[in-house]
Amino acid sequence: MKFNRLLRRCEPTAGEFTEQTSTYYSTYEFDNESQPSTGRRVVVIGTGANRIGTNHGNDYLVSQLLFYLKKADYEPVLINANPNSVAMTPRLAKKRYVEPKQYSDILNVLAIEKPLIVFTTYHDYRLGQKLVQDGYQVIQINNSLPREQIKTNDSPAVEVITDGTDVTIFGVSEIIAGNNLRGNVRGAVQVFPIRDKAENQAITALHAEIKQRVLAMGAPGLYTVRLAIADTALQLATIEPMSIATMALISKASGSSVTRLLLHVKLGEALTKVMYDYPDVNRLKPVYVQANTFPYNHLQIYDEVEATGEPGHATGTVIAHGDTLKAALTALNQGNEDTDF
């Protein structure tokens with residue numbers, strides 16, 4: 001007797017009541033309960049199991065992608081091995097598959113759904129490349145683009161978006177080393193937007209060079225252009241993909257979802273069509289600050305390497321704002337005083 005790999009609908013009441021759900025899992029049985037809809041289906045591969053570090057940020061990104069794909073009249077389908085993920089919220093995706101992030105399991109879902117596009121995010125670059133080789137149209141939102149790493153403290157950066165033809169500047173951010181603000185502090189504080197007049201004038205003068213360097217990356221997306229001071233003048237240092245934490249910070253500060261903008265430029269739309277709700281940078285009034293949280297003191301764990309294998313990794317972030325940088329930092333301290341910031 002031959003058993004086929006088929007997809008069954010989850011029963012949230014364990015069969016006690018008849019209830020229709022849109023959550024599925026694979027098994028070896030006779031019938032398949034998952035049938036593709038007639039809409040424009042796209043598959044988003046989610047975060048997988050919980051992990052310390054960037055997992056909370058990636059879950060935020062996946063949730064935002066699902067929300068804005070639905071608003072753009074797509075039918076988003078989520079594959080995620082973690083049923084407790086925020087992205088598994090029923091209203092976000094049309095259908096959800098609780099599946100291991102193994103290649104065969106993913107192919108099994110794709111064979112049924114036959115999506116127009118597959119989205120992969122920060123943890124799944126190699127998986128996305130393999131899907132491309134097998135003929136799927138894949139949009140990868142990741143941090144695996146070529147970049148040079150620099151280690152600087154209190155350094156300004158220009159946050160930009162490009163559609164591959166044009167470049168728009170979101171504003172200027174700055175990373176301040178945490179121990180410059182309080183003794184014995186790990187990590188750093190990110191500030192957005194920076195309104196230093198001389199600094200912004202210098203960045204305006206660098207606009208043409210910034211655009212040229214960003215377009216040379218050769219891919220639509222979000223980028224952080226790091227600056228360095230040389231001979232008392234600001235100069236371009238490196239370009240790297242924008243972090244998820246920075247995306248969240250700019251979204252909060254501007255009131256415009258950076259994930260939505262990223263989604264549409266990745267789908268091939270022009271900046272002139274997608275930037276309609278992003279405010280004038282010069283009119284952004286409050287100053288926003290963001291810092292990581294490290295809960296090890298609460299857990300009475302003083303050797304994170306032994307406990308987690310990942311030294312110093314954050315499990316979340318805190319964002320605060322104020323009319324001035326000082327006021328924003330005061331608010332941040334009040335919301336984050338029991339962590340290591």
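How many bridges join strand 13 to strand 14, and do these strands run parallel or antiparallel? I open with that question, colleagues, and the answer leads into the sheet that I wish to present this morning. Strand 13 and strand 14, the latter covering residues 316-322, are joined by 7 bridges and run antiparallel. One of the residue pairs here is Asn292 with Thr317, the latter being the bridge partner in strand 14. Please keep in mind throughout that we are looking at a predicted model.

Let me now place this pair in its setting. The sheet is open and has 7 strands, in the order 12-11-8-9-10-13-14, with antiparallel pairing. At its edges are strand 12, residues 233-241, and strand 14, each of which pairs on one side only. On average, neighbouring strands of this sheet are turned by 30° against each other, with direction ignored.

In general terms, strands of a sheet pair through backbone hydrogen bonds, and the pairing may be parallel or antiparallel. In our model, strand 9 and strand 10 run antiparallel and are joined by 4 bridges; here Ile176 has Val189 of strand 10 as its bridge partner. Moving along the order, strand 10, residues 188-192, is joined to strand 13 by 4 bridges, again in an antiparallel arrangement. In that pairing, Phe192 has Tyr288 of strand 13 as its bridge partner.

Strand 13 itself spans residues 287-293, and 6 of its 7 residues are buried, so the strand is largely enclosed by the rest of the structure.

I turn next to the helices that meet this sheet. Helix 6 packs on the sheet and touches strand 8, strand 9, strand 10, strand 11, strand 13 and strand 14. The direction of helix 6 makes about 145° with that of strand 13. Helix 7, residues 258-266, lies across strand 8, strand 9 and strand 11, and runs at about 110° to strand 11.

Is helix 6 largely enclosed or largely open? Of the 11 residues in helix 6, which covers residues 244-254, 9 are buried, so this helix is largely enclosed by the rest of the structure. Among the buried residues are Ile244, Met247, Leu249 and Ile250, together with Thr246 and Ser251. Just after helix 6, Gly255 takes a positive phi of about 75°.

Within helix 6, I would single out Met247. Met247 has a relative accessible area of 1%; this is under the 20% cut-off, and Met247 is therefore buried. Which residues does Met247 touch, leaving aside those up to four places away in sequence? They are Leu61, Leu222, Met242, Val258, Thr259 and Leu262. Met247 and Gly57 are 190 residues apart in sequence, while their C-alpha atoms are 9.5 Å apart in space.

Finally, a word on empty space. Rolling a probe the size of a water molecule over the atoms shows where such space is left. The second largest pocket holds about 330 Å³. Its lining comprises 15 residues, and those nearest the centre of the pocket are Val172, Asn200, Thr204, Val281 and Asn282. By class, this lining has 7 nonpolar, 6 polar and 2 charged residues.

Which elements supply the lining of the second largest pocket? Strand 9, residues 167-177, and helix 4, residues 197-205, each supply at least two residues. The largest share, 5 residues, comes from helix 4. Strand 9 thus appears twice in this account, as a contributor to the pocket lining and as a strand of the sheet touched by helix 6. Thank you for your attention.

Notes. Residues are numbered from 1 along each chain as its sequence is written. This is a predicted model: local features need pLDDT of at least 70, side-chain atom pairs count only at pLDDT 80 or more; totals for chains, interfaces and linings use all residues. Side-chain values use heavy atoms; hydrogens and water are left out. On a 1 Å grid over the protein atoms alone, a cavity is a set of points where a 1.4 Å probe fits but cannot get out, and a pocket is an open set with protein on both sides within 12 Å along at least five of seven lines; lining residues have an atom within 4 Å of a point. Grid points are joined across faces, edges and corners, and a volume is the space filled by probe spheres set on the points. Ala, Val, Leu, Ile, Met, Phe, Trp, Tyr, Cys and Pro count as nonpolar, Asp, Glu, Lys and Arg as charged, and the others, Gly among them, as polar. Buried means under 20% relative accessible area, exposed over 50%, partly exposed in between (1.4 Å probe, protein chains only). Two strands pair if DSSP finds at least two bridges between them. Axes are lines fitted to C-alpha atoms, for helices over the stretch in contact, and angles run from 0 to 180 degrees between N-to-C directions. Contact means heavy atoms within 4.5 Å.
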